[in-house]
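Grab a pencil and keep the sequence and the 3D view open side by side. Try each exercise yourself before you read the solution.

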Amino acid sequence: MSCESEGRRGFSQAERLLQWQAMAADMTRKNILRGLPTGRRTLLRELGTLADEQGLSIYLVGGVVRDLLLRRENWDLDVTVEGDGIAFARLVADRYGAGVAFFDRFATARLVLPDGLKLDIASTRRESYARPAALPDVAPACLKEDLYRRDFTINAMAIQLNPAGFGQLFDPYGGQRDLKAGTIRVLHDGSFVDDPTRIFRAIRFAERFGFHLEPATGRLLRQAAATNLVTNLSGPRLCNELLLLMNERDPGRTAGSLARLNLLRFLHPRLRYGESARRLVTVLPQALAWWKKQCPDAPVDRSLAYFMAVLSENGPVVIRSVIQRLQLSKAQSRAVEWAGQRTSRMARELSRLVDLRPARVYRLLMAMPDEALVLALGKGLATKKDEAVRRLRRRLSRFVKCDRYAALLVGGDDLKQLGLTPGPQYKKILNRLLDARINGEVKTEAQERDMARRMAMLSI
Ligand code: ATP
């Protein structure tokens, strides 16, 4: 199934029309900004006044405008200033006591206000690409040009913030029309070639909103996906897009689109995403829900867990090369290394073997990152063998809630007092003591000491 037809399943045409009629009614009353919480609206009014004092035009822009029109929550405030956005950002930071980081290359600044609110301020700009997939060169430009450099018409709208036009919508490229029709449309034919991350962004928005790709856009996307353009994207940029796709409501669908468009080949030409990985992605929500219940205070990285599920059918060579291609962080790499057979082996052992002492389970699981534990349960669930899954779940639960935190009351100093010379045997004895504690064979400090003494006597 193509991206286009898949996108249509989200909302029915009738639902979309009803939503749209409600929006249109609001817009005629010029109150699009009423969708924002009062505090944010007040802040935007103040920014408008401040911009007026500086003789600048200022707009709310991009995804937040789209989401206001769709009546979806979006807490990112992106504003753009016709003129020197950096100087304006400095002024705002001073006025509000905000922390600020500047990204001079793109003439943008990120502010964090004392109440934690994040605000991006940019200068309106045009962008040009020295070569496909390179980061763009930017030059000052008017609002209309700034909107033209954006990815899709639905993301290329702005709302004026200056007092005289507060709340007025600018939509030069038919963003409202496309929102109404549920259409993702690029602004020009070279869009995917300039920036192939837009291929992934198109899939993301189509999936999120249940939109379809406008036919010419769909054609351009498929053409771009069929070339090697994506190879020019740096690891972190590609990784960012993939993890964002895995963060959508139904990662199974976004992964399906990646597979249909043959985009997974950019991770590794032999990467497999077959039936068992698809099944794993489908049952992963149950494993994630289990985790949330067991460890509410230690959230796992949901996107990473889904990404690992997508990779789950691959061997260590492919997985290592994906890690390198995406230049994953240390923590991410440590988790992704467990995506394949290692977790499958673990899940098999823990679900099949009837006689497994808790300490043995502890030794099997102690090195696994949290995402890998979730994946292990997912792999069990995907087998649909009830008794085995119950066993696996029981063992994982005991480990994550209790045994992984097991600690001894005696330590190296106590062994020294017992006359043992420090050396490798310390580790051996302490490990055996810990196993005994996890298995419930020793419970008190005195019992630990006693066992330590017996082992020390044997080793002297
Ligand atoms: P999300 O809701 O997922 O955050 P968003 O549309 O807000 O989506 P951002 O990545 O925060 O996306 O970008 C903000 C805006 O910047 C977009 O709405 C779009 O106008 C513009 N933009 C972002 N990335 C690109 C890109 N690769 N090419 C062109 N325009 C882009």
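## Exercise 1: A leucine in a helix

At 10% relative accessibility, leucine 434 counts as buried. Keep in mind that you're looking at a predicted model.

**Task.** Find the helix that holds leucine 434, then list what leucine 434 is in contact with beyond its neighbours within four places in sequence.

**Solution.**
- Step 1. Look along helix H22, residues 424–438, and you'll find leucine 434 there.
- Step 2. Check the burial: the cut-off for buried is under 20% relative accessible area. Leucine 434 comes in at 10%, so it counts as buried.
- Step 3. Skip the neighbours within four places, and the contacts of leucine 434 are Tyr362, Arg363, Ala406, Ala407 and Leu408.
- Step 4. Now pick alanine 359, which is 75 residues from leucine 434 in sequence. In space, their C-alpha atoms are 8.1 Å apart.

## Exercise 2: A glycine and a far-off partner

**Task.** Work out whether glycine 48 is buried or exposed, and how far its C-alpha atom is from that of asparagine 162.

**Solution.**
- Step 1. Go to helix H3 (residues 38–53), where glycine 48 is found.
- Step 2. The relative accessible area of glycine 48 is 0%, so this residue is buried.
- Step 3. Count along the chain: glycine 48 and asparagine 162 are 114 residues apart. Yet 4.1 Å is the separation of their C-alpha atoms.
- Step 4. Asparagine 162 also turns up among the contacts of glycine 48, together with Ile58, Leu161 and Pro163, once neighbours within four places are left aside.
- Step 5. Zoom out to the whole protein chain. Take the contacts between residues at least 6 apart in sequence: 68% of them join residues at least 24 apart.

## Exercise 3: Rings that pair up

**Task.** Say how the rings of phenylalanine 209 and phenylalanine 211 are arranged: stacked, edge-to-face or tilted? Then do the same for tyrosine 362 and phenylalanine 399.

**Solution.**
- Step 1. Start with the rule: ring centres must lie within 6.5 Å, and planes under 30 degrees apart are stacked, over 60 edge-to-face, and the rest tilted. That rule gives eight aromatic pairs.
- Step 2. For phenylalanine 209 and phenylalanine 211, the centres are 5.4 Å apart and the planes meet at 45 degrees, so this pair is tilted.
- Step 3. Phenylalanine 209 is buried at 1% relative accessibility, and phenylalanine 211 is buried too, at 2%.
- Step 4. Tyrosine 362 and phenylalanine 399 have ring centres 6.1 Å apart and planes at 55 degrees, so they're tilted as well.
- Step 5. Tyrosine 362 belongs to helix H18 (residues 358–365) and phenylalanine 399 to helix H20 (residues 386–401), so their pairing ties together parts that are 37 residues apart in sequence. Both of these residues are buried.
- Step 6. Back to phenylalanine 209 and phenylalanine 211: ring pairs link them with Phe152, Phe192 and Phe205 into a cluster.

## Exercise 4: Charges over rings

**Task.** Which ring does the charged end of arginine 90 sit over, and which one does arginine 342 take?

**Solution.**
- Step 1. The charged end of arginine 90 is over the ring of phenylalanine 102, at 4.8 Å from the ring centre.
- Step 2. For arginine 342, the ring belongs to tryptophan 338, and the charged end is 3.9 Å from its centre.

## Exercise 5: Around the ligand

**Task.** How many residues surround the ligand, and what share of its area does the protein bury?

**Solution.**
- Step 1. There are 16 residues around the ligand, and the closest are Arg66, Asp195, Arg198, Arg204 and Arg208.
- Step 2. Look for side-chain contacts with ligand oxygen atoms: an N or O atom of arginine 150 is 3.0 Å from one, and a polar atom of arginine 201 is 3.1 Å from one.
- Step 3. A ligand nitrogen atom lies 3.4 Å from a polar side-chain atom of threonine 197.
- Step 4. On its own, the ligand exposes 590 Å², and the protein buries 76% of that.

How values were computed: Residues are numbered from 1 along each chain as its sequence is written. This is a predicted model: local features need pLDDT of at least 70, side-chain atom pairs count only at pLDDT 80 or more; totals for chains, interfaces and linings use all residues. Side-chain values use heavy atoms; hydrogens and water are left out. Rings of Phe, Tyr and Trp (its six-membered ring) pair if their centres lie within 6.5 Å; planes under 30 degrees apart count as stacked, over 60 as edge-to-face and the rest as tilted. Buried means under 20% relative accessible area, exposed over 50%, partly exposed in between (1.4 Å probe, protein chains only). Helices (H or I, at least four residues) and strands (E, at least two) are DSSP runs, numbered from the N terminus. A charge sits over a ring if NZ of Lys or CZ of Arg is within 6 Å of the ring centre and within 35 degrees of the ring normal. A residue is near a molecule or strand if one of its heavy atoms lies within 4 Å of it. A polar contact is a pair of N or O atoms within 3.5 Å; within protein, one must be able to donate a hydrogen and the other to accept it, and residues adjacent in sequence count only if both atoms are side-chain atoms. Accessible areas come from the Shrake-Rupley method with a 1.4 Å probe; for residues, only the protein chains shown count as cover. Contact means heavy atoms within 4.5 Å.
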